[in-house]
Amino acid sequence: MPRAAAEGCSLEYDTVGPESGEPLVVVQGLGDQLTKWADGFPQALAARGFFVIRFDNRDAGLSTSFSEAGAPDPSGSAKQPYRLEDMAADVVAVLDAAGVGRAHLVGASMGGMIAQLVAAGHPHRTLSLTSVMSSTGNPALPPPTPEAVTALTASAPDPADEKAYLDHAAAAARTLGSPAYPYDEAELRATLLSTVHRAHNPGGVQRQLAALLADGDRRARLRRITAPTLVVHGADDPLIPPAAGEDTASTIPGARLLVLPGMGHNLPRELYDRVADAIAQLAATAA
């Protein structure tokens with residue numbers, strides 16, 4: 001796969017669809033790899049005329065790991081190895097490497113926060129923004145459920161104990177997932193196994209989370225966004241409650257909000273076409 005050179009790191013990326021399509025970059029969430037949604041969402045976007053670029057964020061997948069930095073300081077007093085703004089600059093580096101000037105941005109969860117910062121700080125590189133199951137960082141928003149916090153932060157067993165690892169990871173995925181669209185258990189476990197075999201970087205998840213938390217309230221920055229914006233959120237998201245999607249849409253000028261009943265903190269396969277259609281409709285309004 002090709003790699004992009006960013007400030008202090010190297011980023012693994014690939015593409016889906018014809019290069020003649022409209023460029024669209026997918027920004028993944030906390031700890032997720034570019035292989036997320038390998039079962040068809042990038043293909044659904046490509047079928048709607050997009051040239052899809054996806055990549056491993058720094059400290060995830062096959063991109064540079066910052067393992068030498070160790071675990072982040074929970075007090076926040078020590079200097080972290082990178083900020084969320086650095087991860088936004090990484091998106092621009094990937095576009096540069098792919099030879100793309102301006103692109104549609106689609107980010108999920110933490111990836112939505114990163115995409116927001118690209119749209120706010122690099123408007124000349126942004127055609128449109130789709131922020132999925134994400135937030136503004138507004139401290140007044142309702143918190144996640146305790147079960148969702150545990151699913152996100154509990155230490156997983158060593159993958160060398162394959163059954164214990166998969167039991168833990170599958171339970172976490174079900175806790176965060178969509179009540180109207182339950183996982184197929186065998187397929188879920190196969191996906192989790194394939195993912196951990198590709199790369200395993202639990203320290204990277206901690207450092208990414210530290211960068212996310214340190215970024216704080218983004219609302220002042222989000223008010224600067226001028227690109228057409230779509231905010232997609234699950235009505236049953238236990239990790240980032242629907243109020244966060246409403247806050248995002250009300251903060252970004254002109255943003256449209258799409259709330260999907262029965263969707264939790266994942267994008268189920270059953271909703272790929274609906275979300276891809278909404279992104280294509282948004283893209284048609286971009287200058």
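**Aromatic pairs and overall fold**

Both Phe41 and Tyr272 are buried. The model in which these two residues are described is a predicted one. Phe66 and Tyr82 form an edge-to-face pair, because their ring centres lie 5.0 Å apart and their planes meet at 65°, above the limit of 60 degrees for this class. Phe66 and Tyr82 both lie in the loop between strand S4 (50-55) and helix H2 (84-97), so this pair ties together parts that are 16 residues apart in sequence. Phe66 is buried, with a relative accessible area of 9%. Tyr82 is buried as well, and its relative accessible area is 3%. Both values fall under the 20% that marks a residue as buried.

In total, the structure holds 3 aromatic pairs. A pair of this kind is described by how far apart the ring centres are and by the angle of the planes. For Phe41 and Tyr272, the distance from centre to centre is 5.3 Å and the angle between the planes is 45°, and the pair is tilted. Phe41 belongs to helix H1 (residues 41-46) and Tyr272 to helix H10 (residues 272-283), so the contact between the rings ties together parts that are 231 residues apart in sequence. Ring pairs also bring in Trp37, which forms a cluster with Phe41 and Tyr272.

The chain as a whole contains 10 helices and 8 strands. For 287 residues, a compact globule would be expected to have a radius of gyration near 19 Å; the chain has 17 Å, which agrees with this expectation. The C-alpha trace spans about 50 × 40 × 40 Å along its principal axes. Of the 287 residues in the chain, 52% are buried. Among contacts with a separation of 6 or more, 77% join residues that are 24 or more positions apart.

The surface and the charges were also examined. The chain exposes about 12000 Å², and carbon and sulfur atoms supply 55% of this area. The chain carries 22 positive and 32 negative charges, and the mean positions of the two sets are 5 Å apart.

Key. Residues are numbered from 1 along each chain as its sequence is written. This is a predicted model: local features need pLDDT of at least 70, side-chain atom pairs count only at pLDDT 80 or more; totals for chains, interfaces and linings use all residues. Side-chain values use heavy atoms; hydrogens and water are left out. Helices (H or I, at least four residues) and strands (E, at least two) are DSSP runs, numbered from the N terminus. The radius of gyration is taken over C-alpha atoms; the globule rule is 2.2 Å times the number of residues to the power 0.38. Buried means under 20% relative accessible area, exposed over 50%, partly exposed in between (1.4 Å probe, protein chains only). Contact means heavy atoms within 4.5 Å. Accessible areas come from the Shrake-Rupley method with a 1.4 Å probe; for residues, only the protein chains shown count as cover. Lys and Arg count as positive and Asp and Glu as negative; His and the chain ends are not counted. The place of a charge is taken as NZ of Lys, CZ of Arg, CG of Asp or CD of Glu. Rings of Phe, Tyr and Trp (its six-membered ring) pair if their centres lie within 6.5 Å; planes under 30 degrees apart count as stacked, over 60 as edge-to-face and the rest as tilted.
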